[in-house]
Amino acid sequence: FPRITKRASRCTSALVITRKGRFALVSSDEVSRNYRLACRLGSRREERRELVNKTYIFCNHCLSGIGGGQRYVQAKSRWLIQEGWSVYVFHVENGPVLLDFTDVKVINQLELVTSPRALGKRRFGKVIRSMLDELPKKSDEVFVESATTYLAFWGEAVARALRGKHLIFNLEECPETPTRDEAEFLLFKLARKELASINGDILRRLLSDHAEPDADFSKYKLVAFNESPFEDIASSYDFDKSRKIIGCIGRLEKPYVLKMAESVKEFCKAHSECSVLLVFVGDAADSHVRDKIASYGDQLDNLAVRILGYVSPIPRQLVKSFDLVVGKSSAASFCAREDVPTATYALDEDICLGIIGYDVPGGVCAGTYPEIKLETVLEDVLISEKYLNLPAKYPLSRLSEPSYESHFEYGLDIEPCYYDVCSIRARPKRTLIMWWLTLFGNVRYGQIKSILKFR
């Protein structure tokens, strides 16, 4: 917004200075409108700073392992603590938390994986009371943030109990298509501008069967600011320099990882003269996934596989030792910023879109850019060196310091109103999970997914 003085708001027109430092002649109506909005935003920020007890609650799927979602919650928690918030994270999976969440209270609440209606009113009330027992008895301001649709049922219930604001910031790359009941809830939140996504195309696909055909989902996008996982520290990893090194950073459970490994194997079959080392900086909770990926190193003489496990922080020297990185979402964008050729997969589908900065910008969905087979990318980078002297078509912007004020200004001045989440009919699989919890108790959710074959 332009910097506007009170005197300027009374003029028929005014010469203002924009954020970029340029002068612009603005009409009186626009001056007044921007002045009022700037005053409202400024006063809200001042009010928030003056509040003593501020509680921020994340409802997150998983803090175990290391991925983009975990790093986002870590970075935002640090920012919130600096701004005077007390931060609480409820998450489903009870695996080891590897990132540093100092001064953040992390609570494992396995029941969040099921549906409030599947639990029944009595058990649902018991779970909500147990969550409230972990939180301060009194707060001047409460903000709840949920990362998925099913977690949002619980976030809405907690926000209602505490009279707080509830934002659904959907971090899913491939969200489930909602049922009619779930869609009504999401459209209720969308109308109140309490639903956002990391990409407008993801939200469009999520609600395309339920929203207006010409709905503009681009305005329901927020940035999940993150911190670079790379640091200038010594690297203890040593690789065979006679091989071409392909790196992959992130959780091994992601569906694209096995497809990527299969493409690398096909490339090695077609190019027996090229010896490849496939390095994974990441891990999987399911040992079967890890063993499957490791087995690719036993199938061809010119393909070796090495799984380093989770590494945090990641030595910058390690990623720069790769001839090519294959990744997705924020991990791929961070690698591309290190001037390492980085092939990216689409956010919402497991298809390769080419090299970031040359074939495609980072963090885009399928359909916006054509698919480029990973085998073709491998040939262009490792054999013909096609991208070596090409100018970047989509230069990457400079990485800015994480700031989350826009998350608070999203849906500004909305009076509290909540949805009855117990009216949302449970999916059959959520009911099955509820029975699993009843019979077997607090086991790892990863075991439920492996046995029942759920996403």
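Let me start with a term: a cavity here is a set of grid points where a 1.4 Å probe fits but cannot get out. Keep that in mind, everyone, as we'll come back to it in a moment. What you have in front of you is a predicted model, so please hear everything I say today in that light.

So, how many cavities of 30 Å³ or more does a search of the whole structure find? It finds 2. I'd like to spend a minute on the second largest cavity, which holds about 30 Å³ of space. If you want to find it on your screen, go to Phe 58, Cys 59 and Asn 60, then Tyr 72 and Val 73, then Glu 145, Ser 146 and Ala 147, and finally Leu 171; these residues line the second largest cavity. By character, the lining splits into 6 nonpolar residues, 2 polar ones and 1 charged one. Three elements each supply at least two residues of that lining: strand E3 (54-60), helix H2 (68-82) and strand E6 (141-146). Which of the elements gives the most to the lining? That is E3, with 3 residues.

Let's step back to the whole chain. The protein has 15 helices and 16 strands. It runs to 455 residues, and 50% of them count as buried. If you take the contacts between residues at least 6 apart in sequence, 69% of them join residues at least 24 apart.

Now to the sheets, beginning with the one that contains E3 and E6. It is an open sheet of 6 strands in the order E5-E4-E3-E6-E7-E8, and the pairing is parallel. At its edges are strand E5 (104-108) and strand E8 (195-197), each of which pairs on one side only. On average, neighbouring strands of this sheet are turned by 20° against each other, direction ignored. Look at E3 again: 7 bridges join E3 to strand E4 (residues 85-91), and the two run parallel. Within that pair, Thr 55 stands opposite Ser 86 in E4. Which strands does helix H6 (residues 180-191) touch as it packs on this sheet? Helix H6 touches strand E7 (165-170) and E8, and its direction makes about 110° with that of E7.

On to another sheet. Here 6 strands form an open sheet in the order E12-E11-E10-E14-E15-E16, and this time the pairing is mixed. Strand E12 (303-307) and strand E16 (352-355) are the edge strands, each pairing on one side only. Neighbouring strands in this sheet are turned by 20° against each other on average, direction ignored. Strand E14 (residues 324-328) and strand E15 (residues 342-345) run parallel and are joined by 4 bridges. In that pairing, Val 326 stands opposite Ala 343 in E15. Helix H8 (residues 255-270) packs on the sheet and touches strand E10 (244-249), strand E11 (276-281), E12, E14 and E15, with its direction at about 170° to that of E11. Helix H11 (residues 329-336) packs on the sheet as well, touching E10, E14 and E15; its direction makes about 150° with that of E14.

Finally, three single residues. Pro 416 lies in the loop between helix H13 (405-409) and helix H14 (428-440). Is Pro 416 buried or partly exposed? Its relative accessibility is 42%, so Pro 416 counts as partly exposed. Leaving aside neighbours within four places in sequence, Pro 416 is in contact with Arg 163 and Arg 192. The C-alpha atoms of Pro 416 and Gly 164 are separated by 7.4 Å, although these residues are 252 apart along the chain.

Next is Ser 406, which is found in helix H13. Ser 406 counts as partly exposed because its relative accessibility is 34%. Beyond its neighbours within four places in sequence, Ser 406 is in contact with Leu 222 and Phe 225. Ser 406 and Leu 222 are 184 residues apart along the chain, with 7.7 Å between their C-alpha atoms.

Last comes Ser 312, in the loop between E12 and strand E13 (314-315). Ser 312 has a relative accessible area of 42%, so it is partly exposed. Which residues does Ser 312 contact, leaving aside its neighbours within four places in sequence? They are Ile 66, Arg 71 and Leu 99. Thanks for listening, everyone!

Key:
Residues are numbered from 1 along each chain as its sequence is written. This is a predicted model: local features need pLDDT of at least 70, side-chain atom pairs count only at pLDDT 80 or more; totals for chains, interfaces and linings use all residues. Side-chain values use heavy atoms; hydrogens and water are left out. On a 1 Å grid over the protein atoms alone, a cavity is a set of points where a 1.4 Å probe fits but cannot get out, and a pocket is an open set with protein on both sides within 12 Å along at least five of seven lines; lining residues have an atom within 4 Å of a point. Grid points are joined across faces, edges and corners, and a volume is the space filled by probe spheres set on the points. Ala, Val, Leu, Ile, Met, Phe, Trp, Tyr, Cys and Pro count as nonpolar, Asp, Glu, Lys and Arg as charged, and the others, Gly among them, as polar. Two strands pair if DSSP finds at least two bridges between them. Axes are lines fitted to C-alpha atoms, for helices over the stretch in contact, and angles run from 0 to 180 degrees between N-to-C directions. Contact means heavy atoms within 4.5 Å. Buried means under 20% relative accessible area, exposed over 50%, partly exposed in between (1.4 Å probe, protein chains only).
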